[in-house]
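User: I am new to this structure and would like a close look at a single part of it, namely one helix and the helices it packs against. Please take me through it slowly, and then place it among some other features.

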Amino acid sequence: MLKAIGYFWELLKGGWITTRHFMTNMFHHTLRLFHIKTKRPGAVTYQYPEVKKPLAARHRSLHRLMTREDGKPRCVACMLCATVCPSECIVIEAAEDADPEIQKVPKSFTIDLNRCCFCGFCVEACPEDAIRMDTGVIDLARRSHDDLIFGLDKLLK
Amino acid sequence: MIKLFIDGAAVEVPEGTTVFKAAEQAGIALPHFCFHPAFAPEGTCRLCLVQIEGSPKLELSCSTVIREGMKVVTQSPAVGEARRGVLEFLLAEHPLDCPICDKAGECKLQDYSRDYGLTESAFREFKEKRDKKVAIGEKLLLDRERCIQCTRCVRFLAEVTKTHELGVFERGVRTEIGILDGVPVQNGYSGNLVDLCPVGAITDTDFRFKTRPWFLSRAESVCPHCGRGCNIYVDYHPGLPRVPGSAKVFRIRPRTNEAVNGPWICDVGRYGYVRAQNAGRSDRPFWNKDGAKTELGWDTAMAILGDKLRALVDAGRADRVAVAATSWLTNEELFLVKKIFRDDFGSGRIVLCDPRPGEGDDFLRRPDRTPNARGARELGFDPAPPALEALARGTEVLILFGPHIAEHFRPAELRAALDGIAVKVLVTPHLTGLEGLMDGVLASATPAEKDGSFTNFEGRVQPFAAAARPCPDVRSELEILAALAGSLGLRPDYYGRLTTAAAVRRELAKEIPFFGARA
């Protein structure tokens, strides 16, 4: 009996939180209707995936590899990203470039997004600004693990 | 003995010692580029400067000989300032392309710049452009921008190999290292230049861009390519999760042992393994059945061999087993071969089949092409190539270790002799064509992949530890022999203990006085 009262009490508490949020949002939205600026904008529900929430400028989304002016990858395969990566999801194979000023280019550059934790350390470690996480792509669900292994072709796009 | 004071601590060293070596003895490591213990001091890098009481200027510790009562200060504001200045001049002309430099991570210039806090440069001008990729040898590339002109490479070729291929050209800011008249560095020891170079000026095309040094773990091993038994480091990648084949050996480096190889190794030893790991590897056991190759698991393969041997034992014909061992095997493995097949099976057909001797030189390389010829001799194996006739006649099961028998006999001869043998099994790390004549092939580990010990030509027993196993499905001969003894039920109280190299080595020391004296 005492237990049942406890459950009921928790239900009431939950209901109170929902109501509170509803009233607060309602309050802010109403003020805005009358062009009164408030500190908080009031919560909005986006109709995802038809409507996408705008991402913050520094939001870490899908990686991309930057290119030089002539379209070759900027990456020099120094493997610092692979070194710093805490989930060990980056594997790079280096190759020799004919240009003695570049010398080292990636033959393959693979990010296993199954393992990636989107910490952004690779972006910070890169001495060439060759990898960025600013594509804004966050819908990364795939039907198989293999589709989440991104190579040079996908990353350079 | 002469007494001097280094940083206030009294040190006693023999007369004629340099301040650098005295400091080393006192446990103080002084920064240096051009000094190398194997050469006479050169004094070009100016980094090992120390303060000596009574001397008006800073002195080079590598070339200053100690005096009685000398007071040396190795760490002081003046010394630090001088070293920082030296480093700043070196860095002013250095390309700072560490991200693509193979030396990064084990580069002395990197380490010292960090130690002396050089994060900014006062040098605002454009850096000098020089050649970045000059081939100076078959596997050597010189980057003149990275070179700091310590001349270690030049002195190595002048003092150690005495071949003088490299020289210093021009003077002053235009100083550069180069080969004379386009003749490349080629003397069988050229790989040492890569280890010697304190920066990434000389790099190795074999290792170039393959990985970064900080990914590598190292195992202390012994070079298996001749009887010298040079001490080496096997630098290997321990492997990444979910990346098959990422565990592998990337390079071989010398491990200093003054009694055997000093700080050098030859090019055969340096490049031999990495090639051997990739080319023609036997990576899992298989059985040739009716002319078709069937890959087997280890359990099945060992069970087949065990059954054949047990059938012989049960029929009282255990002495019909012939074994051709090789001195590529470790002391421990050769001991087990002898114990199992000679003592327990009573077979008189235990022979040693080694590759033919090649050419040696007057430095490290020996003519014998196996690491353990001396060990095999001490264990009672006859080093003479076996007589095929005697080995094959009446033999029912033949176990070959290594494919070297093919070097001594023509294929037709070999085929004719082996045809009469019911079961022929080859235990080998490499496939060289002999496997077509065999019934079964057991894939074994190379010396870098197993524990054990080799006895070098001087009788020095040198234990070593396993590095990475690039092929996960191989087993060492020791594991194969121990498993065989186990499955045949031979003296379990004796062989049951002998499952690791260390345990066999202990037994070896107990039973054979030669190894007992060297344990």
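Analyst: In this predicted model, helix α8 of chain B passes helix α15 of chain B in a left-handed crossing. Helix α8(B) covers residues 331–344 and α15(B) covers residues 501–511, and the two pack with their axes 9 Å apart, at an angle of about 65°. Angles from 65 to 115 degrees count as roughly perpendicular, and α8(B) and α15(B) are therefore described as roughly perpendicular to each other. On the side of α8(B), the contact is made by Asn331(B), Glu332(B), Phe335(B) and Leu336(B), while α15(B) brings Ala501(B), Val504(B), Arg505(B) and Leu508(B). Sorted by class, the residues of this contact between α8(B) and α15(B) comprise five nonpolar, one polar and two charged.

Helix α8(B) also has a second partner, helix α13 of chain B, which spans residues 477–487; the axes of α8(B) and α13(B) come within 9 Å and cross at roughly 25°. Since angles under 35 degrees count as roughly parallel, that crossing makes α8(B) roughly parallel to α13(B). The crossing of α8(B) and α13(B) is left-handed, as is the one that α8(B) makes with α15(B). The residues that α8(B) uses here are Glu332(B), Glu333(B), Leu336(B), Val337(B) and Ile340(B), and they meet Glu477(B), Leu478(B), Leu481(B), Leu484(B) and Ala485(B) of α13(B). This contact of α8(B) with α13(B) divides into seven nonpolar and three charged residues, with no polar ones. Reading the two contacts together, Glu332(B) and Leu336(B) of α8(B) appear in the contact with α15(B) and also in the contact with α13(B).

Elsewhere in chain B, Tyr271(B) lies in helix α6, which runs over residues 267–278. Tyr271(B) has 19 C-beta neighbours inside 10 Å and therefore counts as partly exposed, given that 20 or more would be needed for a residue to be buried. Apart from its neighbours within four places in sequence, Tyr271(B) is in contact with Gly191(B) and Asp206(B). Gly489(B), by comparison, is 218 residues from Tyr271(B) in sequence and 42 Å from it in space, C-alpha to C-alpha.

Chain B also has a pair of strands, β1 (residues 2–6) and β2 (residues 9–13), which are joined in the antiparallel sense over five bridges. Within this pairing, Leu4(B) stands opposite Val11(B) of β2(B). The strands β1(B) and β2(B) form a hairpin with two residues between them, and Asp7(B), in the turn, has a positive phi of about 50°.

In chain A, three strands form an open sheet in the order β2-β3-β5, with antiparallel pairing. The edge strands of this sheet are β2(A) and β5(A), the latter at residues 149–150, and each of them pairs on one side only. Strands β3(A) and β5(A) run antiparallel and are joined by two bridges, and the bridge partner of Asp112(A) in β5(A) is Ile149(A).

Finally, the contact between the two chains takes 15 residues from chain A and eleven residues from chain B. On the side of chain A that touches chain B, α2 (80–84), β2 (90–96) and β3 (104–112) each supply at least two residues, and β2(A) gives the most, with three residues. By class, that side of chain A has nine nonpolar, two polar and four charged residues.

Key: Residues numbered from 1 in each chain as written. Chains lettered and ligands numbered in written order. Predicted model: local features only at pLDDT ≥ 70, side-chain atom pairs only at ≥ 80, totals over all residues. Axes fitted to C-alpha atoms, helices over the stretch in contact; angles between N-to-C directions. Helix = DSSP H or I, 4+ residues; strand = E, 2+ residues; numbered from the N terminus. Parallel < 35°, antiparallel > 145°, perpendicular 65-115°, else oblique. Left-handed = near helix turned anticlockwise from the far one by under 90°. Contact = placed C-beta atoms within 7 Å. Nonpolar A, V, L, I, M, F, W, Y, C, P; charged D, E, K, R; others polar. Pairing = 2+ DSSP bridges. Buried ≥ 20, exposed ≤ 12 C-beta atoms within 10 Å, placed from the backbone.
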